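User: I would like to go through this structure by asking what stands behind each label that is given to it. Please set the values against the cut-offs as we go.

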Amino acid sequence: MNRVYVCSCFGVTEDQVKKHAADGACTPRQIASACKAGTDCGSCVRRIQALLGRGSCPRRELADRGMPVLSDALGADRQEAA
């Protein structure tokens, strides 16, 4: 398996960032909330921005209205871990 690491500080891969984006993370800050990527040295933030792209967020409208977009995804991850 070939893993492309986006965040070396926390061992977050490109596939993990893409999964969080598919689950509704629209910004680097939301990616950071989901997996900590970008919260230590910050060198990966530009790469995360590139992976997210512009206007590609399926839940952008919810985020723009200040509604939670990650609660379902994070809740599912917590249930899987239990």
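User: Why are helices α1 and α2 called roughly perpendicular to each other?

Analyst: In this predicted model, helix α1, residues 14-22, packs against helix α2, residues 28-35, at an angle of about 110°, and their axes are 10 Å apart. Angles from 65 to 115 degrees count as roughly perpendicular, and α1 and α2 are therefore given that label.

User: Which residues make the contact, and what is its character?

Analyst: V17, H20 and A21 of α1 meet I31, A34 and C35 of α2, and these residues divide into 5 nonpolar, 1 polar and no charged.

User: What makes C35 count as buried?

Analyst: Its relative accessibility is 18%, and buried means under 20%, so C35 falls on the buried side of the cut-off. C35 also belongs to the largest nonpolar core, which has 12 residues in all, among them V17, A21 and I31; to this core β1, α1, α2 and α3 each supply at least two residues. Leaving aside residues up to four places away in sequence, C35 touches F10, V12 and H20.

User: How do you know that C35 and C41 are in no disulfide?

Analyst: A disulfide requires cysteine sulfur atoms within 2.5 Å. For C35 the nearest cysteine sulfur, that of C7, is 7.3 Å away, and for C41 the nearest, that of C9, is 3.7 Å away; the structure as a whole holds 0 disulfides.

User: Is C41 buried or exposed, and why?

Analyst: C41 has a relative accessible area of 52%, and since exposed means over 50%, C41 is called exposed.

Definitions and conventions:
Residues numbered from 1 in each chain as written. Predicted model: local features only at pLDDT ≥ 70, side-chain atom pairs only at ≥ 80, totals over all residues. Heavy atoms only, no water. Axes fitted to C-alpha atoms, helices over the stretch in contact; angles between N-to-C directions. Helix = DSSP H or I, 4+ residues; strand = E, 2+ residues; numbered from the N terminus. Parallel < 35°, antiparallel > 145°, perpendicular 65-115°, else oblique. Contact = heavy atoms within 4.5 Å. Nonpolar A, V, L, I, M, F, W, Y, C, P; charged D, E, K, R; others polar. Core = buried A, V, L, I, M, F, W, Y, C linked by side-chain atoms within 4.5 Å. Buried < 20%, exposed > 50% of the residue type's maximum accessible area, 1.4 Å probe, protein only.
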